[in-house]
Amino acid sequence: MTTARTTATTEPVGADLVRLLKALKLGALADTLPERAALARQHKLSHIGFLEVLLADEVNRRDSRSATLRSTKAGLDPAMVFEAWNTHDDLRYDRTLLGDLTSLRFLDAHQSAIILGPVGVGKTHLATALGHMAIRRRHSVLFARSDKLFTRLRAARLDNTVDAEIRRLTAIEVLIIDDFALRPLDATETSDFYELIVERHRKKTTIV
């Protein structure tokens, strides 16, 4: 007894169609169009269903590209995503709390988070991963090392733009301050940090 098999065949995308797609700024669709067309025939999709699949591909592609650009602008390390966060065998942490953090519910409540632990356990990686998640949910994010942040504020004081700089930092929905308090803060840094936290309290999220 033999069983007949049907395989989906792909058709090449013609030059005229590629030109039209590029004119509509949909040129990237040409790469996946043959595969999607074969899939549509195999599953007997309607024309509307086929169009929906194509547009969903394009939306996902643009969302991914947008997230990559915004992550770069935010100063996030592209390799420090949650899927790559490795916990050490001897590292103990509250899994329920970690689940709450990665759900990002604390962002919606405008709450903040302090990530504590010894050197080398992945605090920066975890904070950065939360930043990537926030980016994908279209929150504005900025990652800054504390020494560079205080240097920027000190420079802003010299040219009398510190108020504008504080307002800019306050407007960011998720501010990640890395390597905080590795050394004692001086009086000016303490004052700047206090003002920044007070302005952001219950309005935005700060991760330290």
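Biologist: Between which two helices is the loop that holds Leu104?
Modeller: This is a predicted model. In it, phi of Leu104 is near 65 degrees, a positive value in a residue other than glycine. The loop that holds Leu104 lies between helix H4 (95-103) and helix H5 (105-108).

Biologist: Is Leu104 buried or exposed?
Modeller: A residue counts as buried when its relative accessible area is under 20%. The relative accessible area of Leu104 is 2%, so Leu104 is buried.

Biologist: Which residue in the loop between helix H1 (15-23) and helix H2 (29-42) has a positive phi although it is not a glycine?
Modeller: The phi in question is about 60 degrees. The loop between H1 and H2 is the place of this residue, Lys25.

Biologist: Does Lys25 count as buried or exposed?
Modeller: The cut-off for an exposed residue is a relative accessible area over 50%. Lys25 has a relative accessibility of 68%, and therefore Lys25 counts as exposed.

Biologist: How far apart in space are Ala38 and Ala134, C-alpha to C-alpha?
Modeller: Ala38 lies in helix H2 and is buried, with a relative accessible area of 5%. In sequence, Ala38 and Ala134 are 96 residues apart. In space, their C-alpha atoms are separated by 36 Å.

Biologist: How far apart do the C-alpha centres of domain 1 and domain 2 lie?
Modeller: The chain is divided into domain 1, residues 15-74, and domain 2, residues 82-206. Contact between them involves six residues of domain 1 and eight residues of domain 2. The distance between the two C-alpha centres is 36 Å.

Biologist: What is the radius of gyration of the chain?
Modeller: The C-alpha atoms fill a box of roughly 80 × 45 × 25 Å along the principal axes. For a compact globule of 208 residues, a radius of gyration near 17 Å would be expected. The chain, by contrast, has a radius of gyration of 24 Å.

Biologist: In what order do the elements of the chain run from the N terminus on?
Modeller: The secondary structure comes to nine helices and three strands. From the N terminus on, their order is α-α-α-α-α-α-β-α-α-β-α-β.

Biologist: What share of the residues of the chain count as buried?
Modeller: The chain exposes about 14,000 Å², and carbon and sulfur atoms supply 56% of that area. Of the 208 residues, the share that counts as buried is 32%.

Biologist: How far apart are the end C-alpha atoms of helix H7 (residues 146-158)?
Modeller: H7 has 13 residues, and at 1.5 Å a residue the helix should span 18 Å. The distance between its end C-alpha atoms agrees with this expectation, being 19 Å.

Biologist: What arc do the buried residues of H7 cover around the axis?
Modeller: In an α-helix there are 3.6 residues a turn, so residues three or four places apart point the same way. The buried residues of H7 are Ser146, Leu149, Phe150, Leu153 and Ala156. They are on the same side of H7, because the arc they cover is only 115 degrees.

Biologist: Which exposed residues does the face of H7 turned away from its buried side carry?
Modeller: The cover over the buried residues of H7 includes strand E1 (141-145), helix H8 (162-171), strand E2 (174-178) and helix H9 (187-200). The face turned away from that buried side carries the exposed residues Lys148 and Leu158.

Biologist: Which residue just after H7 takes a positive phi?
Modeller: The phi value there is about 60 degrees. The residue that takes this value just after H7 is Asn160.

Notes
Residues numbered from 1 in each chain as written. Predicted model: local features only at pLDDT ≥ 70, side-chain atom pairs only at ≥ 80, totals over all residues. Heavy atoms only, no water. Helix = DSSP H or I, 4+ residues; strand = E, 2+ residues; numbered from the N terminus. Expected span 1.5 Å × (residues − 1). Buried < 20%, exposed > 50% of the residue type's maximum accessible area, 1.4 Å probe, protein only. Arc of directions from axis to C-beta. Contact = heavy atoms within 4.5 Å. Rg over C-alpha atoms; globule rule 2.2 N^0.38 Å. Areas by Shrake-Rupley, 256 points an atom, 1.4 Å probe, with all protein chains shown as cover. Domains from an automatic or database assignment.
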